[in-house]
Amino acid sequence: MSPTPPDLAVDAHGLVKRFGEFTALNGMELAIPRGSFYAFLGPNGAGKSTTIALLTGVYAPDAGRISLLGVDAVARPLEVKRHIGVVPEELSLFERLTGRQYLTFCGRMYGLSGDEAAARAAELLELTELTYKAGALVAEYSKGMRRRLAIAAALIHAPELVLLDEPFEGIDVLAAGVIRELLRELSRRGVTLLLTTHVLEIAERLATHAGVIRGGRMLDQGTVQQLMQRYDAPSLEAVFEKLISVPAARNAKLSFYGDAPPAEVVPLRRGSA
Ligand SMILES: Nc1ncnc2c1ncn2[C@@H]1O[C@H](COP(=O)(O)OP(=O)(O)OP(=O)(O)O)[C@@H](O)[C@H]1O
């Protein structure tokens, strides 16, 4: 890491990523100040997961540069990976380990001693409310439990920057509250967080900063306050709606259904099938 920490935890310029003929990222810019909680927003297919894949070294960019925590992430990916945590949208966990073994294994991969890894695993299981499942195989975990385990695994090496792609996907209301508090606590401790979510209410509650992308480009980014002022919008959701034009699908018709409502809706009797 550089001797003086940079102001930006994520500094990406002119990112281009092509899949064959298709250009998924077309000059993406990303500026995430250290210690901020950044909501990375955009409609389906905008390029959020692809950007995260580039930041975390899953794909190499076709053009552009990426600096994470002051280090060139394309040239020195291993050095960067030691200091970042990632929760991808598509989880691939080791199914034949127990939750506790999985976390301990991840800790050992980051160079923690066996005792340290076990102690942190226990703490993270507690924080994500998975202690009662710690001895069960990951293969037996529900979708929401897997997501929580992945979040725990991403934190085991105390990363300074955590990137979470849809961490609330498939999580019930109570567990979402647990995850929200955990993220808030990390933020309070100065960890930089990047979060993608389609639940703007969650972004609204947590984020200090936001960026809205579409078609592989950054439309605008800044603090949540700045964006609300700039677009004269009362909420992040309103900023999002102003930046992303209303999809044509909202005005589409279900022509094959016909226009007439059913003549009469007959209430079901209690107990009837
Ligand atoms: N491996 C791939 N091969 C071809 N096209 C891809 C690939 N990965 C992503 N794309 C395309 O790149 C574009 C951006 O996809 P990406 O998954 O980054 O979007 P996203 O913003 O994360 O969307 P969502 O909110 O639906 O998860 C989409 O048009 C997608 O179809």
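**Exercise 1. The ligand shell**

Task: State which strand and which helix each supply at least two residues of the shell around the ligand, and give the make-up of that shell by class.

Solution. Step 1: The elements are strand S2 (22-33) and helix H1 (48-55). Helices (H or I, at least four residues) and strands (E, at least two) are DSSP runs, numbered from the N terminus. The model is predicted; local features need pLDDT of at least 70, side-chain atom pairs count only at pLDDT 80 or more, and totals for chains, interfaces and linings use all residues. Residue numbers start from 1 along each chain as its sequence is written.

Step 2: H1 gives the largest share of the shell, 3 residues.

Step 3: Around the ligand stand Phe19, Phe22, Ala24, Gly42, Asn44, Gly45, Ala46, Gly47, Lys48, Ser49 and Thr50. A residue is near the molecule if its C-beta atom, placed from the backbone, lies within 6 Å of it.

Step 4: Sorted by class, the shell has 4 nonpolar, 6 polar and 1 charged residues. Here Ala, Val, Leu, Ile, Met, Phe, Trp, Tyr, Cys and Pro count as nonpolar, Asp, Glu, Lys and Arg as charged, and the others, Gly among them, as polar.

**Exercise 2. The open sheet**

Task: Give the strand order of the open sheet of 4 strands and name the edge strands.

Solution. Step 1: The order is S2-S1-S4-S5, with antiparallel pairing. Two strands pair if DSSP finds at least two bridges between them.

Step 2: S2 and strand S5 (71-72) are the edge strands, each pairing on one side only.

Step 3: Strand S1 (residues 8-19) and strand S4 (residues 63-68) are joined in the antiparallel sense over 5 bridges. Val10 has Leu68 in S4 as its bridge partner.

**Exercise 3. Strand S9 and its partners**

Task: Determine how many residues of strand S9 (residues 209-214) are buried, and how S9 pairs with S3 and S10.

Solution. Step 1: In S9, 5 of its 6 residues are buried. A residue is buried if 20 or more other C-beta atoms lie within 10 Å of its own, exposed if 12 or fewer, and partly exposed in between, with C-beta atoms placed from the backbone.

Step 2: Strand S3 (residues 37-41) runs parallel to S9, with 4 bridges between them. Phe40 faces Gly211 in S9.

Step 3: Strand S10 (residues 217-223) pairs with S9 in the antiparallel sense over 6 bridges. Ala210 stands opposite Gly222, and Arg214 has Arg217 as its bridge partner.

Step 4: The hairpin of S9 and S10 has 2 residues between the strands, and Gly215 there takes a positive phi near 55 degrees.

**Exercise 4. Domains and core**

Task: Describe how the protein is divided into domains and which domains supply the largest nonpolar core.

Solution. Step 1: Domain 1 covers 1-83 + 160-170 + 187-244, and domain 2 covers 91-158. These bounds come from an automatic or database domain assignment.

Step 2: The C-alpha centres of the two domains lie 26 Å apart. In contact (C-beta atoms, placed from the backbone, within 7 Å) are 5 residues of domain 1 and 7 residues of domain 2. The side of domain 1 that touches domain 2 has 2 nonpolar, 1 polar and 2 charged residues.

Step 3: The largest nonpolar core has 69 residues, and Leu68, Ala152 and Ala210 have the most contacts inside it. Such a core is a set of buried Ala, Val, Leu, Ile, Met, Phe, Trp, Tyr and Cys residues joined through C-beta atoms within 7 Å. H5 provides the largest share of this core, 8 residues. At least three residues come from each of domain 1 and domain 2.

Step 4: Leaving out residues up to four places away in sequence, Ala210 touches Tyr38, Ala39, Leu41, Ala203, Gln221, Val224, Leu227 and Leu236.

**Exercise 5. Positive phi outside glycine**

Task: Locate Ala158 and Asp232, and classify the exposure of Ala158 and Asp232.

Solution. Step 1: Ala158 lies in the loop between H5 and strand S7 (161-165). Its phi is near 50 degrees, a positive value in a residue other than glycine. Ala158 counts as partly exposed because it has 13 C-beta neighbours inside 10 Å.

Step 2: Asp232 is in the loop between helix H8 (224-230) and helix H9 (236-243). Asp232 is not a glycine, yet has a positive phi of about 45 degrees. With 9 C-beta neighbours inside 10 Å, Asp232 counts as exposed.

Technical notes. Two residues are in contact if their C-beta atoms, placed from the backbone, lie within 7 Å.
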